[in-house]
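I'm opening my notebook on a structure I haven't looked at before. Short entries, one topic at a time.

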Amino acid sequence: MIAARRREREYFSTTHEYKHLAPRMGSEHLAKMLSKHLETIIKSKIPGIQSLISKTVAELEAELSRLGKPISADAGGKLYTIMEICRLFDGTYKEHLDGVRPGGDKIYNVFDNQLPAALKRLQFDKQLSMENIRKLITEADGYQPHLIAPEQGYRRLIESSVITIRGPAEAAVDAVHAILKDLVHKSVNETPELKQYPALRVEVTNAASDSLERMREESKKATLKLVDMECSYLTVDFFRKLPQDVEKGGNPSHSIFDRYNDSYLRRIGTTVLAYVNMVCASLRNSIPKSIVYCQVREAKRSFLDHFYTDLGKLETKQLSSLLNEDPAIMERRSALAKRLELYRSAQAEIDSVAWAK
């Protein structure tokens, strides 16, 4: 080839017809011209190739992100992965309660609408009907009628009326519990990492539900105690401030049994209703405080504490069972990682050519 190219150059340089064109003749010159032409074409295609590779790299990275990170082999790594996923879930749940995400506003609706409406539906007028007042007053007197005021009758009327508030109080606790439980399912669905591990998703959901159940029981106890407290101790100042009109309590000169007349009993009913309404107004504010303290606050503060404690007792095999990823997903992740590595390498090579002087 060397000898052939030498003779080719000699031919074009010594032949009269080609002598003036000798520098631009021959296979060597043709090879240089074709190389330059090819280089020009390649350079014109580089931006499109770069764009295609960048797009493919972004798509591969997005799919890898959707599939999640690979599972660590050691127990510490597995525990760390589970804890991180749980923290992401817990953070999403708190965002729902704090208003960053929708859902927490429904709790306020329970306090602002449902509870007051339930308290208004309590039929104190039936509890304080003339027949019921007469019945409780006379029963409270026993065999010896009261002399001045039927105190035991008052107490029984108040207690029998206030105790009915337990129903709306308990319903408010259950309504908030239902909202908190619904937010658990929303938060699970909004945590992509939990979709990667079905077994962990089930365990976290169960742990959260168990935790909410414990909080509901504590809240119910505390809230119903508020109602029981109102039944156990009456505000004496309320009655001391009532106007002491002889005619409103009956004329002392009349027979003691005349005090069971309708006017007298109606006065008792009015007084008891005023006191019960005062208690309702107080509980309307204190019941939400109890529920928030025992349920909402605890859900934000120690939602998965019991689950974290149980996690620390698990062995490597048990931790692995929580991260039982689908083998097909693992294979897909591995294949995508290899493709991504190749595309990034190609991207670096092309970039180096594109920026070369």
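**Helix α4**

I started by asking which residues of α4 are buried. I found Ile107, Val110, Phe111, Leu115, Pro116, Ala118 and Leu119 on that list. One reminder to myself before going on: this is a predicted model.

Next I wanted to know what covers the buried residues of α4. The cover includes α3, α8 (166-189) and α13, so I'll come back to α3 and α13 below.

I also checked the length of α4, which runs over residues 105-121. Its 17 residues should span 24 Å at 1.5 Å a residue, and the end C-alpha atoms are 24 Å apart, so the two agree. There is a bend to note as well: α4 has a kink of about 30 degrees, centred on Phe111. Phe111 is also one of the buried residues of this helix.

**Helix α3**

I looked up two residues here, Lys78 and Asp98. Lys78 lies in α3, and Asp98 lies in the same-named helix, which covers residues 75-98.

Is Lys78 buried or exposed? I have it as buried, because its relative accessible area is 9% and the cut-off for buried is under 20%. Its side chain joins that of Ser320 in a polar contact of 3.5 Å.

Asp98 has 47% relative accessibility, so it counts as partly exposed. I then asked which side chain Asp98 joins in a polar contact. It is Lys300, at 2.8 Å. Asp98 and Lys300 are 202 residues apart along the chain, yet their C-alpha atoms are separated by 9.3 Å.

**Helix α13**

Lys300 took me to α13, which spans residues 262-301. I counted 40 residues in α13, reaching 56 Å from the first C-alpha to the last, close to the 58 Å expected at 1.5 Å a residue. Where is the kink in α13 centred? I noted Val292 as the centre, with a kink of about 40 degrees.

Thr271 lies in this helix too. Thr271 counts as buried because its relative accessibility is 5%. Its side chain reaches the backbone oxygen of Arg267 at 3.0 Å. Leaving out residues up to four places away in sequence, Thr271 touches Tyr154, Phe238, Phe239 and Leu242.

Some of those names came up again when I turned to rings. Tyr154, Phe238 and Phe239 form one aromatic cluster with Tyr275.

**Ser219 in α10**

Ser219 is found in helix α10, residues 198-232. I wrote it down as buried because its relative accessibility is 0%.

What is Ser219 in contact with, leaving aside its neighbours within four places in sequence? My list reads Val173, Ser290, Ile291, Cys294 and Gln295. With Gln295 there is a polar contact between the two side chains, at 2.7 Å. I also looked up the C-alpha atoms of Ser219 and Tyr293: they are separated by 8.0 Å, with the two positions 74 residues apart along the chain.

**Aromatic pairs**

How many aromatic pairs does the structure hold? The count is ten. I looked at Tyr11 and Tyr18: their ring centres are 6.2 Å apart and their planes sit at 40 degrees, so the pair is tilted. Tyr18 also pairs with Phe12, and that pair is edge-to-face, with 5.4 Å centre to centre and 90 degrees between the planes.

I then checked how covered these three residues are. Tyr11 is partly exposed, with a relative accessible area of 45%. Tyr18 counts as partly exposed as well, at 33% relative accessibility. Phe12 is buried, with a relative accessible area of 14%.

**Whole protein**

Last entry, on the protein as a whole. I get 16 helices and zero strands for the secondary structure. Of the 357 residues, 34% count as buried. The accessible surface comes to about 22000 Å², and 56% of it belongs to carbon and sulfur atoms.

I closed with the contacts that have a separation of 6 or more: residues 24 or more positions apart account for 84% of them.

How values were computed. Residues are numbered from 1 along each chain as its sequence is written. This is a predicted model: local features need pLDDT of at least 70, side-chain atom pairs count only at pLDDT 80 or more; totals for chains, interfaces and linings use all residues. Side-chain values use heavy atoms; hydrogens and water are left out. Helices (H or I, at least four residues) and strands (E, at least two) are DSSP runs, numbered from the N terminus. The expected span of a helix is 1.5 Å times one less than its number of residues. The bend at a residue is the angle between axes fitted to the seven residues ending there and the seven starting there. Buried means under 20% relative accessible area, exposed over 50%, partly exposed in between (1.4 Å probe, protein chains only). A polar contact is a pair of N or O atoms within 3.5 Å; within protein, one must be able to donate a hydrogen and the other to accept it, and residues adjacent in sequence count only if both atoms are side-chain atoms. Contact means heavy atoms within 4.5 Å. Accessible areas come from the Shrake-Rupley method with a 1.4 Å probe; for residues, only the protein chains shown count as cover. Rings of Phe, Tyr and Trp (its six-membered ring) pair if their centres lie within 6.5 Å; planes under 30 degrees apart count as stacked, over 60 as edge-to-face and the rest as tilted.
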